[in-house]
Amino acid sequence: MPGPTLKALLSPRSGNLPVLTAVIEATGGNLYITDPLGNPLLGEVSPADALQVPVLFEDAVLGFVHGPSAAAAALVALLTRLAARDSEGRALASEVLHLYREVHLIEQLSEQLSSLLNFSAVSKSALEQAQRMIPATQGCILVMETTDGPLRNAASFGDSTEDSAGETGPLTPDSRFAASILERGIAEIINNCATDTRAIDSERNLTALICAPLRSGQRTVGIIALASTDAGASYSAANLKLLNTIALQTAAAIANALLCAEMVDAAQARAAFAAELHAASTVQQLLLQSASRPTPGFEVESVYVPASEVGGDFFFVSSTPDGSLTAIVGDVSGKGLTAAMRVAMILGALRRETSHDPSEILSGLNNALIAQGQLGFTTACCVRLSLSGDYALANAGHIAPYLAGRELETPPALPLGLVPDQSYELVHGRLGSSERLVLLSDGVLEARSQDGELYGFERLSGLTLMSAHEIAKTAQSFGQEDDITVLTLGLGTV
């Protein structure tokens, strides 16, 4: 398999061009990139005496970065990382896609639905993952199947306790530790259970205990707990961070499984097996559409057209307590299942986000992606629109939004997931009563005709005056090569 090249890494299809352009602009535009033969690839060529730093990957020279020493070294490091990700991605792509197509053939649909609706299987898988990553002699996931309902043991491992009626795991559903975690909604480490006043008799033999709530949106669906009876055992902040990560992923899966189970149970009372499958399919479609919530007082139109079975674009729309609207459109780097998993993680983070300030939302999402150790990067543009038409937006390396057919200038900024504690500058403006704000992904810009012609920026101004469906349809007809996402925002008629 041929190795990566700088030309390929800089192509519009790679998704790397916006971030590299942003890096060069952020350093004052004094950098430029050439291939191994010295042919310019990106940036304005500087005088011949500019410092030349080679971009090396697996002992091969991919090209050179020219410019000031420190800035050139930083850009070389980023290009090397992108080359490694590209090489790994292409090496795994054929195998992953082959397995994906094998496992997810249409004849496996009923099996897939059964797995999705079985929250006990989800809990067991999550607990097994936690046990592999965090040392523990006992563990459990306690779940509330209905809001404010009683806890029940969904999955567990370890020795049975005297009061557990045959169930294993460190905590029983009536545990005061479990009740405390649910009430406060905060993960906790207890490294001396015997002296903790909350411990019941069956828990006093635990040397160390670590618990985290399972929160999905505004709902807590249960807790996950690991414990050790080994002498001298203790848990650290690193263990707590890892358990919180597992809890975050598990909570969303359990919440979806519980919702599907509730709807399928209703379908089973009314119809035969074929009707049940149809209802489950409908549930899945509703879950995919849950990223757009009701926004009274606004006209919102969204279109998402993935280029393949799974995509890397995302959007999210919600209302704020004061009646304003918050919306975000983004695109993760990479393709296939890896990108789809990152999108799922981002949407979960956005559902839990309490801030309605676009810059704070992007900063929080940036730190969340870095904390997850996510490979690659994510571009995103976030806007808050009030009922009066005033808006504030922040952009993280994404295509700038359009207003009334003109591109809104946004300050250059790095995409999400690259550097921790980044800040994103707000741009303020006002939307007229008949105007629309258009947020879109690069799938529109990078549509390519059969002759190889890109749709390009030149056509976008006129195109963005159309409806979201017309914009997406035009790009798709021109020649879709990437996911297409279009979100239009306007003020509702009184």
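Visitor: How many helices and strands does the secondary structure of the protein come to?
Guide: This is a predicted model, in which local features need pLDDT (the predictor's confidence in each residue, from 0 to 100) of at least 70 and side-chain atom pairs count only at pLDDT 80 or more, while totals for chains, interfaces and linings use all residues. Residues are numbered from 1 along each chain as its sequence is written, and side-chain values use heavy atoms, with hydrogens and water left out. Helices (H or I, at least four residues) and strands (E, at least two) are DSSP runs, numbered from the N terminus; the secondary structure of the protein comes to 13 helices and 19 strands.

Visitor: Which element has the lowest mean pLDDT, and which the highest?
Guide: For the protein, the mean pLDDT is 80, and 83% of the residues reach 70 or more. Over residues 271-289, however, pLDDT stays under 50, although the model has 17 contacts (heavy atoms within 4.5 Å) beyond four places in sequence for them. Among the elements, the lowest mean pLDDT, 34, belongs to helix α8 (residues 273-288), and the highest, 96, to strand β14 (residues 390-396).

Visitor: Which element gives the largest share of the largest nonpolar core?
Guide: A nonpolar core is a set of buried Ala, Val, Leu, Ile, Met, Phe, Trp, Tyr and Cys residues joined through side-chain atoms within 4.5 Å, where buried means under 20% relative accessible area, exposed over 50% and partly exposed in between, with a 1.4 Å probe and protein chains only. The largest such core has 29 residues, of which I141, L214, I224, L226 and I254 touch the most other members. Two or more residues each come from α5 (119-133), β5 (138-144), β6 (151-157), β8 (208-216), β9 (219-228) and α7 (237-268). With nine residues, the largest share is that of α7.

Visitor: How many residues does the other core have?
Guide: In soluble globular proteins, nonpolar side chains tend to be buried together. The other core lies apart from the largest one and includes L10, A72, V76 and L418. Its residues number 26.

Visitor: Is N239 buried or exposed?
Guide: N239 lies in helix α7. Residues up to four places away in sequence aside, N239 touches I134, I210 and S234. Its relative accessible area is 15%, so N239 counts as buried.

Visitor: What span should the 15 residues of α5 have, at 1.5 Å a residue?
Guide: The expected span of a helix is 1.5 Å times one less than its number of residues. In the model, the end C-alpha atoms of α5 are 21 Å apart, which agrees with the expected span of 21 Å.

Visitor: Which exposed residues does α5 carry on the face turned away from its buried side?
Guide: The buried residues of α5 are F119, S123, A126, L127 and A130. Seen down the axis of α5, they fall within an arc (that of the directions from the helix axis to the C-beta atoms) of 100°, so they line one face of the helix. The face turned away from that buried side carries K124 and R132.

Visitor: What covers the buried residues of α6?
Guide: Helix α6 (residues 176-184) has F177, A178, S180 and I181 as its buried residues. Seen down the axis of α6, these fall within an arc of 160°, so they line one face of the helix. What covers them includes β5, β6, β7 (188-190), β8 and β9.

Visitor: Which residue in β19 is the bridge partner of V438?
Guide: Strand β18 (residues 436-440) is largely enclosed by the rest of the structure, because four of its five residues are buried. Strands count as paired if DSSP finds at least two bridges between them; β15 (residues 402-403) is joined to β18 by two bridges, and these strands run antiparallel. Between β18 and strand β19 (residues 484-491) there are five bridges, again in an antiparallel arrangement. V438 is the bridge partner of Y402 in β18, and in β19 the partner of V438 is T488.

Visitor: How far apart in space are P412 and P18?
Guide: P412 has its place in the loop between β16 (406-407) and β17 (427-430). With a relative accessible area of 52%, P412 is exposed. P412 and P18 are 394 residues apart in sequence, and in space, C-alpha to C-alpha, their separation is 9.7 Å.
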